[in-house]
Amino acid sequence: MSSIQVAKALNNNVIIAHHPEHGEVVVIGKGIGFNRKTGDALPLEAVEKMFILTSRYEQEQYKQLVPHVDEQLIEIIGEIVTYISRKTQTELNEHIHIALTDHLAFAIKRAEQDLAFHNPFLYETKEIYPVEYELAEYAIRLIHQNLGVDLGEDEIGFVALHINSAMTNRHISEVRGHTQLIADLVDVVESELKFTILRNTLDYSRLLTHLRFAIERIRRGEQVGEVEKLDGLLKQEYPVLYGVAEKLTLMMEQRLNQPVYRAEVSYLTMHLHRVAPPHIK
């Protein structure tokens with residue numbers, strides 16, 4: 001069978017159709033829904049972009065969302081998703097179509113009403129997810145070029161988290177939660193050691209990266225190599241930094257609800273030694 005059957009045209013550019021192998025699918029293409037009626041056959045070669053929403057809840061969400069969204073934005077989001085998938089060579093979670101459509105439509109509405117929305121984790125997002133941030137820059141630039149709406153740098157950070165969510169198959173709330181946790185861990189370091197870490201330094205960037213991968217290791221239950229001799233030495237040589245590292249690992253354990261292996265304290269102490277002023281040990 002070389003065709004799909006139209007179930008419902010959501011607008012001129014989006015239809016819901018029945019696929020012979022995949023069941024209900026969403027088809028996106030310029031003018032694909034124009035004059036289409038339920039039951040019409042559509043040749044597969046006429047399909048530009050197609051994605052499958054396996055969850056019945058997500059299908060209903062998307063059906064309710066699309067009629068209220070600018071058709072040009074739907075088309076742009078299709079381009080963005082295709083670009084991300086091609087650039088990263090990653091099969092993205094299909095939920096990105098709903099998440100980005102919903103998020104960007106609301107962001108554009110806010111921008112048109114001149115309602116600014118501050119992103120408190122912009123710097124951390126840029127440092128922790130550089131690939132996703134670069135892809136988000138492309139997305140925001142494409143919207144500006146096509147719709148004449150400049151969503152600004154804060155939105156780049158928000159979109160980057162949605163991209164990471166789609167790439168890692170994690171819910172956006174979990175991705176945001178981890179970004180919030182990293183920012184909170186940095187706040188604890190600055191509060192405990194009574195100094196402000198310079199944000200534009202390589203050592204700060206390394207600390208953020210270490211915290212990100214530590215969180216991912218803990219989430220997956222991965223164990224880093226035990227370093228008993230080093231652990232004893234660090235505890236003796238850098239008691240203050242070691243104490244802060246212990247506090248950070250306890251915080252991660254509580255927030256992630258996962259056990260943290262002891263070796264994480266040693267590795268964190270070494271990273272803290274890099275960013276802390278020389279007099280703090």
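**Group meeting: aromatic pairs and helix packing in a predicted model**

Of the 281 residues in the protein chain, 49% count as buried. Keep in mind that this is a predicted model. Mean pLDDT for the chain is 88. Residues at 70 or more make up 98%.

Confidence by element, then. Helix 5, residues 130–147, has the highest mean pLDDT, at 97. Strand 5, residues 49–52, has the lowest, at 74.

Now the overall layout. We have eleven helices and five strands. Along the principal axes, the C-alpha atoms fill a box of roughly 75 × 40 × 25 Å.

On to the aromatics. How many aromatic pairs are there? The count comes to three. I'll take two of them, starting with the tyrosines. The ring centres of Tyr 83 and Tyr 138 are 3.6 Å apart. Their planes sit at 15 degrees. Planes under 30 degrees apart count as stacked, so Tyr 83 and Tyr 138 are a stacked pair.

Where do these two tyrosines sit? Tyr 83 is in helix 2, residues 71–88, and Tyr 138 is in helix 5. They are 55 residues apart in sequence, so the pair ties those parts together. Are they buried or exposed? The cut-off for buried is under 20% relative accessible area. Tyr 83 comes in at 18%, so it counts as buried. Tyr 138 has 16%, so Tyr 138 is buried as well.

Next, the phenylalanines. Phe 117 and Phe 158 have ring centres 5.8 Å apart. Their planes are at 55 degrees, so this pair is tilted. Again, the pair links distant parts of the chain, 41 residues apart. Phe 117 is in the loop between helix 3 (96–112) and helix 4 (122–128). Phe 158 is in helix 6, residues 152–168.

Look at the exposure of these two. Phe 158 is at 12% relative accessibility, and therefore counts as buried. Phe 117 is at 48%, so Phe 117 is partly exposed. Phe 117 has a further neighbour to point out. Arg 110 lies over the face of its ring, at 4.5 Å from the ring centre.

Now helix packing. Two packed helices are described by the angle between their axes and the distance between the axes. Take helix 5 and helix 6, which carry Tyr 138 and Phe 158 respectively. Their axes come within 8 Å. They cross at roughly 120 degrees. Why call helix 5 and helix 6 oblique? The range for roughly perpendicular is 65 to 115 degrees, and roughly antiparallel is over 145. The angle of roughly 120 degrees falls in neither range, so the two helices are oblique to each other. The crossing of helix 5 and helix 6 is right-handed.

The second packing is between helix 9, residues 228–237, and helix 11, residues 263–275. Here the axes are 9 Å apart, and the angle is about 50 degrees. That makes helix 9 oblique to helix 11. Which hand does this crossing have? Helix 9 passes helix 11 in a left-handed crossing.

One last residue, Arg 217. Find it in helix 8, residues 202–220. Its relative accessible area is 15%, so Arg 217 is buried. Its C-alpha atom is separated from that of Val 260 by 9.0 Å. Along the chain, Arg 217 and Val 260 are 43 residues apart.

To recap the pairs: Tyr 83 and Tyr 138 are stacked, and Phe 117 and Phe 158 are tilted. For the crossings, helix 5 with helix 6 is right-handed, and helix 9 with helix 11 is left-handed.

Conventions. Residues are numbered from 1 along each chain as its sequence is written. This is a predicted model: local features need pLDDT of at least 70, side-chain atom pairs count only at pLDDT 80 or more; totals for chains, interfaces and linings use all residues. Side-chain values use heavy atoms; hydrogens and water are left out. Helices (H or I, at least four residues) and strands (E, at least two) are DSSP runs, numbered from the N terminus. Buried means under 20% relative accessible area, exposed over 50%, partly exposed in between (1.4 Å probe, protein chains only). pLDDT is the predictor's confidence in each residue, from 0 to 100. Rings of Phe, Tyr and Trp (its six-membered ring) pair if their centres lie within 6.5 Å; planes under 30 degrees apart count as stacked, over 60 as edge-to-face and the rest as tilted. A charge sits over a ring if NZ of Lys or CZ of Arg is within 6 Å of the ring centre and within 35 degrees of the ring normal. Axes are lines fitted to C-alpha atoms, for helices over the stretch in contact, and angles run from 0 to 180 degrees between N-to-C directions. Angles under 35 degrees count as roughly parallel, over 145 as roughly antiparallel, 65 to 115 as roughly perpendicular and the rest as oblique. A crossing is left-handed if the near helix is turned anticlockwise from the far one by less than a right angle, and right-handed if clockwise.
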